[in-house]
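Welcome, and have a look at the model below. The notes that follow walk through a few of its features, one topic at a time.

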Amino acid sequence: IETIWFVHTFVALSCVLYFTITRTWGSITKSIEKYPYESIGVAILDNAAWVFYATAMTLIPISLATTVSESYIILTIILGVLINREKLLVHQWIGVGVSLISVLVLSAIS
């Protein structure tokens, strides 16, 4: 769990340093003011995801937790199709199917 918090803190501090050096804090505050609920939602859900990931790493085998967590790509594609009405080509659907089957097989044998 400490590793995740270290990485999270390092990334946050790196972003603060970058925004300070490039003096782009104004665009960030404008975005937060324009989308306050979305910004709060992302902040809460991102941190909750890290907490759940760290909890999973301590409760189930790491191989299973990593396999399932890396399947986020499948969720992203499915949400893109359902919410954004994106169109996938045949080879992309095959990729989604192979990825889904791979996650299920790896989860079953772990």
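## Aromatic pairs

This is a predicted model, and it holds 3 aromatic pairs. One of them joins Y18 and F19, whose ring centres lie 5.6 Å apart with 65° between the planes, an edge-to-face arrangement. The angle is over 60 degrees, so the pair is classed as edge-to-face rather than tilted. F19 has a relative accessibility of 24%, which makes this residue partly exposed. Y18 and F19 also belong to an aromatic cluster, together with W25.

Another pair is formed by W50 and Y53, again edge-to-face, at 6.2 Å centre to centre and 85° between the planes. How far apart are W50 and Y53 in helix α3? They are 3 residues apart, so about one helical turn separates them. W50 is partly exposed, with 29% relative accessible area, and Y53 is partly exposed too, at 25%.

## Helices α3 and α4

Two packed helices are described by the angle between their axes and the distance between the axes. Y53 leads us straight to such a packing, as this residue also takes part in the contact of α3 with α4. Helix α3 covers residues 36-59 and helix α4 covers residues 62-69; their axes come within 7 Å and cross at roughly 150°. Because angles over 145 degrees count as roughly antiparallel, α3 is roughly antiparallel to α4. The crossing of these two helices is right-handed.

Which residues of α3 and α4 make the contact? From α3 come Y53, A56 and M57, while α4 supplies I62, A65, T66 and S69. Sorted by class, this contact has 5 nonpolar residues, 2 polar ones and no charged ones. The polar members are T66 and S69.

## Helices α5 and α6

Further along the chain, helix α5 (residues 72-83) packs with helix α6 (residues 90-109): the axes come within 10 Å and cross at roughly 140°. How is α5 oriented relative to α6? The two are oblique to each other, because the angle does not exceed the 145 degrees needed for roughly antiparallel and lies outside the other named ranges. The crossing of α5 and α6 is left-handed.

On the α5 side, I74, I77 and V81 take part in the contact, and they meet W93, V96, S99, L100 and V103 of α6. The classes here are 7 nonpolar, 1 polar and no charged residues. S99 is the polar one.

## Two arginines with positive phi

Most residues other than glycine have a negative phi. With that in mind, two arginines deserve a look. R23 is not a glycine, yet has a positive phi of about 55°. R23 sits in the loop between α1 (2-22) and α2 (25-34). Is R23 buried or exposed? R23 counts as exposed, with a relative accessibility of 76%.

R85 likewise has a positive phi, near 55°, without being a glycine. The loop that holds R85 runs between α5 and α6, the helices whose left-handed crossing was described above. At 61% relative accessibility, R85 is exposed; the cut-off that places R85 in this class is 50%.

Conventions:
Residues are numbered from 1 along each chain as its sequence is written. This is a predicted model: local features need pLDDT of at least 70, side-chain atom pairs count only at pLDDT 80 or more; totals for chains, interfaces and linings use all residues. Side-chain values use heavy atoms; hydrogens and water are left out. Axes are lines fitted to C-alpha atoms, for helices over the stretch in contact, and angles run from 0 to 180 degrees between N-to-C directions. Helices (H or I, at least four residues) and strands (E, at least two) are DSSP runs, numbered from the N terminus. Angles under 35 degrees count as roughly parallel, over 145 as roughly antiparallel, 65 to 115 as roughly perpendicular and the rest as oblique. A crossing is left-handed if the near helix is turned anticlockwise from the far one by less than a right angle, and right-handed if clockwise. Contact means heavy atoms within 4.5 Å. Rings of Phe, Tyr and Trp (its six-membered ring) pair if their centres lie within 6.5 Å; planes under 30 degrees apart count as stacked, over 60 as edge-to-face and the rest as tilted. Buried means under 20% relative accessible area, exposed over 50%, partly exposed in between (1.4 Å probe, protein chains only).
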